[in-house]
Amino acid sequence: MTETIYYSQMETEDGDVFLATTTQGLCYVSPQNEGMQELKSWLERHYPEAQLVKDKEKLSFYETQLQEFLDGAREEFALPVELIGTDFQKAVWTELRNIPFGEIHTYSQIAERIGNPKAVRAVGSAIGANPLLFVVPCHRVVRKNGEMGGFRGGLPMKEKLLKLEGHG
């Protein structure tokens, strides 16, 4: 049986965000600088047999929470997610979800917390592959020297998110 992945396109002040969900939960949130092609490409890699169906109503619950977060009215997400990646990536993403709103951690702190203190670069790669932007708060991770590091949504968006959370 072919799995159905539902998606929607959400307008934000910084551009459109694409969201996708499986029956298990939210599996993809794009940055505002990516389009539909990136969503399709991600799905082809992770769900090659899936049928992609646009359904704004099915995603409205997720969109509401994301908009509340971007508006500064929500600090935590209360929604089901499905993390699709390697065991290492999932460990990193799970640890990122433990970083409280308003806190900043370093790549090396994340590596230590997942029990692999020498894997700082691998942690950075896992963070770069995060399919659930905003919901898995990779924007809360910076370099040891305090510099922002990279961000799939672009450094101006990372800076904006950190400012939203009281930094800068």
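**Figure 1. Gln65 in helix H2 of the predicted model.** Gln65 has a relative accessible area of 5%. Because this is under the 20% limit for the term, Gln65 is called buried. The residue is part of helix H2, which runs over residues 56-70. Neighbours within four places in sequence are left aside when its contacts are listed. The contacts that remain are Arg74, Phe77, Ala78 and Leu79.

**Figure 2. Phe69 and two aromatic partners.** The model has five aromatic pairs. In one of them, the ring centres of Phe69 and Phe77 are 5.2 Å apart. The planes of these two rings meet at 45°, so the pair is classed as tilted. Phe69 and Phe77 are both buried. Phe69 also pairs with Phe101, and this pair is edge-to-face. Here the centre-to-centre distance is 6.4 Å, with 90° between the planes. Phe69 belongs to helix H2, while Phe101 sits in the loop between H3 and strand E5 (105-106). The two residues are 32 residues apart, and their pair links distant parts of the chain. How buried or exposed is each member of this pair? Phe69 counts as buried, at 0% relative accessibility. Phe101 counts as partly exposed, at 23%.

**Figure 3. Glu75, in the loop between H2 and H3.** With a relative accessible area of 51%, Glu75 is exposed. The term applies because the value is over 50%. Residues within four places in sequence are again left aside, and Glu75 is then in contact with Phe101 and Arg140. Glu75 and Ala91 are 16 residues apart along the chain. Their C-alpha atoms are separated by 22 Å.

**Figure 4. Thr12 in strand E1.** Strand E1 covers residues 4-12, and Thr12 lies in it. Thr12 counts as buried, with 15% relative accessibility. The side chain of Thr12 reaches the backbone oxygen of Gly15 at 2.5 Å. Not counting residues up to four places away in sequence, Thr12 touches Val17, Gln32, Gln67 and Leu70. Thr12 and Leu79 are 67 residues apart in sequence, and their C-alpha atoms are 20 Å apart in space.

**Figure 5. The buried face of helix H3.** Which residues of helix H3 (residues 87-97) are buried? They are Gln89, Val92, Trp93, Glu95 and Leu96. Seen down the axis of H3, these residues fall within an arc of 160°, so they line one face of the helix. The buried residues of H3 pack against three elements: helix H4 (107-113), helix H5 (120-128) and strand E6 (141-142).

**Figure 6. The largest nonpolar core and a second core.** In soluble globular proteins, nonpolar side chains tend to be buried together. The largest nonpolar core of this model has 33 residues. Those with the most contacts inside the core are Leu19, Leu26, Val29, Leu66, Leu96 and Phe134. Several elements give two or more residues to it: strand E2 (15-21), strand E3 (26-29), H2, H3, H4, H5 and helix H6 (155-164). H2 provides the largest share, five residues. Apart from this core lies another, of 11 residues, among them Ile5, Phe18, Cys27 and Trp42.

**Figure 7. Val29 and Phe134 within the largest core.** Outside its neighbours within four places in sequence, Val29 is in contact with residues that include Val17, Phe18, Leu19 and Leu66. Also among the contacts of Val29 are Pro131, Leu132, Leu133, Phe134, Val135 and Arg152. Phe134 is found in the loop between H5 and E6. Phe134 is buried, with a relative accessible area of 1%. The phi angle of Phe134 is near 75°, a positive value in a residue other than glycine.

**Figure 8. Residues 5-83 and an aromatic cluster.** An unreviewed UniProt entry annotates residues 5-83 as "domain: Methylguanine DNA methyltransferase ribonuclease-like". In the model, this span is 33% helix and 29% strand. The C-alpha atoms at its ends lie 14 Å apart. Tyr28, Trp42 and Tyr47 form one aromatic cluster.

Note on methods
Residues are numbered from 1 along each chain as its sequence is written. This is a predicted model: local features need pLDDT of at least 70, side-chain atom pairs count only at pLDDT 80 or more; totals for chains, interfaces and linings use all residues. Side-chain values use heavy atoms; hydrogens and water are left out. Helices (H or I, at least four residues) and strands (E, at least two) are DSSP runs, numbered from the N terminus. Buried means under 20% relative accessible area, exposed over 50%, partly exposed in between (1.4 Å probe, protein chains only). Contact means heavy atoms within 4.5 Å. The arc is that of the directions from the helix axis to the C-beta atoms. A polar contact is a pair of N or O atoms within 3.5 Å; within protein, one must be able to donate a hydrogen and the other to accept it, and residues adjacent in sequence count only if both atoms are side-chain atoms. A nonpolar core is a set of buried Ala, Val, Leu, Ile, Met, Phe, Trp, Tyr and Cys residues joined through side-chain atoms within 4.5 Å. UniProt positions are given in the numbering used here, feature names are shortened, and annotations may be inferred rather than shown by experiment. Rings of Phe, Tyr and Trp (its six-membered ring) pair if their centres lie within 6.5 Å; planes under 30 degrees apart count as stacked, over 60 as edge-to-face and the rest as tilted.
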